[in-house]
Amino acid sequence: MSWVYPKSNVNNKVCWPYFDPEFDELPERIFGPTCRVCIDNESLEDCTLVKVDSVNKQGILLEVVKVLTDINLTISKSYISFDAGWFMDVFHVKDVRGNKLTDQRVINYIQQAIGTTREIPNSLTYENKAIGPASEHTAIEMSGADRPGLFSEISAALADLKVNIVEAHAWTHNDRLAFVAYISDQSTDTRIEDPLRIAKIENHLATVLGAANISRPDHDHQERKSTDLHVGEATTTCVERRLHQLMLSGDFGGGPSSALTPSSLDTPLGLVVDDDDDDDEKENKSIVSIEGCKERGYSIVSIECKDRPRLMFDVVCTITDMQYLIFHGSTASHGGYAMQEYFIRHIDGYTVNTEGEKEHVVKCLEAAIQRRVCEGVRLELCANNRLGLLSDITRVLRENGLAVVRADVETQGEKAVNAFYVKDISGNDVDREFTEPKKKEKFIELVKKEMGPNPIDLAVKKEITSNPSSPDQRPRFSVGDMVKNHVDRLSNNSIPIKNQ
């Protein structure tokens, strides 16, 4: 630092301190970077190792996992450790084709997104990225009791309010719905700033959401009261995390929902409802347990469940949003089955002690694991975007006995790209043979006819994930293995970056 004396017409000199622009980088020059990212393509034959050493801060693990899952990488194993203010992670990752990372753009993106680089090149764009700056659109966030056709009613309400739906996402689970959307004014295609109009939108949506609570007299007063609605500026939190948070605010149950008992009724489309899903429920069941580790002052969260994409993100996101810190952890997946283990404490330093707190954590994690699982019929629709398109689509589905249980809606230029997971109005899976060519063609023609003259592209898919492996083939964990892995990571802390 030096002192600068500006020219002055008076005898008294005025001075102020001058700071060298490189002063902020001095700590990094002395102590090294606060985050090191190593991409290792040489140590293992079947996957790439992503090693992250960073100064620890709350939420750092979630940030790293999000970067990897946002570019659709599969995390087959991971080792997590926090020691003396330093965060160390090792991830075994593969690309969507099951291969090692060879695309230099992807490698650069990981290093820049996780590492010390503050700006990510605009040329690096991947799926699951948010649409434009949040300031360009008005955000809608809402959650509450679900009912058949609620998503369709919300879509119709927004069409009546003359707003464009730029992007929308909806999850349903345990008779609850979480909905996040970005909208713009129909006439100007810009964000809505008029307080009176925002209040009108809120009131209209509150009426629709409130009707769901009124129509569910079997729910107690506490659950009917747990609704959330916000219209205004978008938060900086990613959409998927906001959906988890909205669900977490009212969905504390991981058990089966109170949907109507399965029946063998036919829908108006002639789709037969499966009335024997016991085997599927057993396969999809997740096992979450919490044990104490008194000698180290941790609570150990163990998870065994069917593996799926973004599973680790969902678990870490929920643990973080419940205000717990992950100090150590290990995850592995094999043969369609996943096991995860985390050593946690509450942010106030206490472990999970009471039975009530343990039950709360277990149910929240079970719900986080299950709410994204949407095996069954997936509809993918692409059409020219217009006002009321989403309302028309969901109306046609509802009139034909189908309810949307999860939705992802985006606009790409002049096109609207929609993906829906559907069940029957009672919440049961539709016919397993629905994707047979004849039935599929019949359904597609029916939807196109009812949608009117506007051309649409519609694809019907059957989402099926691989069955879990037998118990003998499942990955195993032990505290001893974790300690050994932790020591190994410390000893290899300075491995140079190796790119293949």
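Arginine 372 sits in the loop between α10, residues 355-370, and β15, residues 376-384. This is a predicted model, so what follows describes a prediction. Is arginine 372 buried or exposed? Its relative accessibility is 6%, so it counts as buried, the cut-off being under 20%.

What does arginine 372 touch, leaving aside residues up to four places away in sequence? The list is Trp171, Glu240, His244, Arg308, Pro309, Arg310, Phe313, Asp314 and Arg406. Please keep two parts of that list in mind: Arg310, and the pair Phe313 and Asp314.

Arginine 310 first. Arginine 310 lies in the loop between β12, residues 298-306, and helix α9. Its phi is positive, about 65°, although the residue is not a glycine. With 13% relative accessibility, arginine 310 also counts as buried.

Now helix α9 itself, which covers residues 311-321. How many of its residues are buried? The count is 11 of 11, and the helix is described as mostly covered. Phe313 and Asp314, which arginine 372 touches, are among those buried residues. The others include Leu311 and Met312 at the start of the numbering, and Thr320 and Asp321 at the end of it. Val315, Val316, Cys317, Thr318 and Ile319 are also buried. Just after α9, glutamine 323 takes a positive phi of about 70°.

There is one further positive phi to mention. Asparagine 174 has a phi near 50°, again in a residue other than glycine. Where is asparagine 174 found? It is in the loop between β8, residues 163-173, and β9, residues 176-185. Asparagine 174 has a relative accessible area of 16% and is therefore buried.

Next, two helix pairs.

The first pair is α2, residues 60-70, and α3, residues 104-114. Their axes are 10 Å apart, and the packing angle is about 160°. How are α2 and α3 oriented to each other? Angles over 145 degrees count as roughly antiparallel, and α2 and α3 are therefore roughly antiparallel. The crossing of α2 past α3 is right-handed. On the α2 side, the contact is made by Val64, Val67 and Leu68. On the α3 side, the residues are Tyr109, Ile110, Ala113 and Ile114. By class, this contact has 7 nonpolar residues, no polar and no charged ones.

Following α2 comes a loop that leads to β5, residues 74-83, and isoleucine 71 is in that loop. Isoleucine 71 has a relative accessible area of 9%, so it is buried. Between isoleucine 71 and aspartate 95 there are 8.5 Å in space, C-alpha to C-alpha, and the two are 24 residues apart in sequence.

The second pair is α11, residues 389-399, and α12, residues 437-451. The axes of α11 and α12 come within 10 Å and cross at roughly 130°. That angle makes α11 and α12 oblique to each other. The crossing of α11 past α12 is right-handed. Which residues meet here? From α11 they are Leu389, Asp392, Ile393, Arg395, Val396, Leu397 and Glu399. From α12 they are Phe443, Val447, Glu450 and Met451. This contact divides into 7 nonpolar residues, no polar ones and 4 charged ones.

Stepping back to the whole chain. The protein chain has 13 helices and 18 strands. Of its 500 residues, 46% are buried. Among contacts with a separation of 6 or more, 70% are between residues 24 or more positions apart.

Last, confidence. The chain averages a pLDDT of 78, and 70% of the residues score at least 70. Which elements have the lowest and the highest mean pLDDT? The lowest belongs to helix α13, residues 479-491, with a mean of 44. The highest belongs to α9, with 96. That is the helix whose 11 residues are buried.

Two stretches have pLDDT under 50. One is residues 253-277, for which the model has 62 contacts beyond four places in sequence. The other is residues 482-500, with 36 such contacts.

To go back to the start: arginine 372 is buried, and its contacts include Arg310 in addition to Phe313 and Asp314. Arg310 is in the loop between β12 and α9, while Phe313 and Asp314 are buried residues of α9.

Notes
Residues numbered from 1 in each chain as written. Predicted model: local features only at pLDDT ≥ 70, side-chain atom pairs only at ≥ 80, totals over all residues. Heavy atoms only, no water. Axes fitted to C-alpha atoms, helices over the stretch in contact; angles between N-to-C directions. Helix = DSSP H or I, 4+ residues; strand = E, 2+ residues; numbered from the N terminus. Parallel < 35°, antiparallel > 145°, perpendicular 65-115°, else oblique. Left-handed = near helix turned anticlockwise from the far one by under 90°. Contact = heavy atoms within 4.5 Å. Nonpolar A, V, L, I, M, F, W, Y, C, P; charged D, E, K, R; others polar. Buried < 20%, exposed > 50% of the residue type's maximum accessible area, 1.4 Å probe, protein only. pLDDT = per-residue confidence, 0-100.
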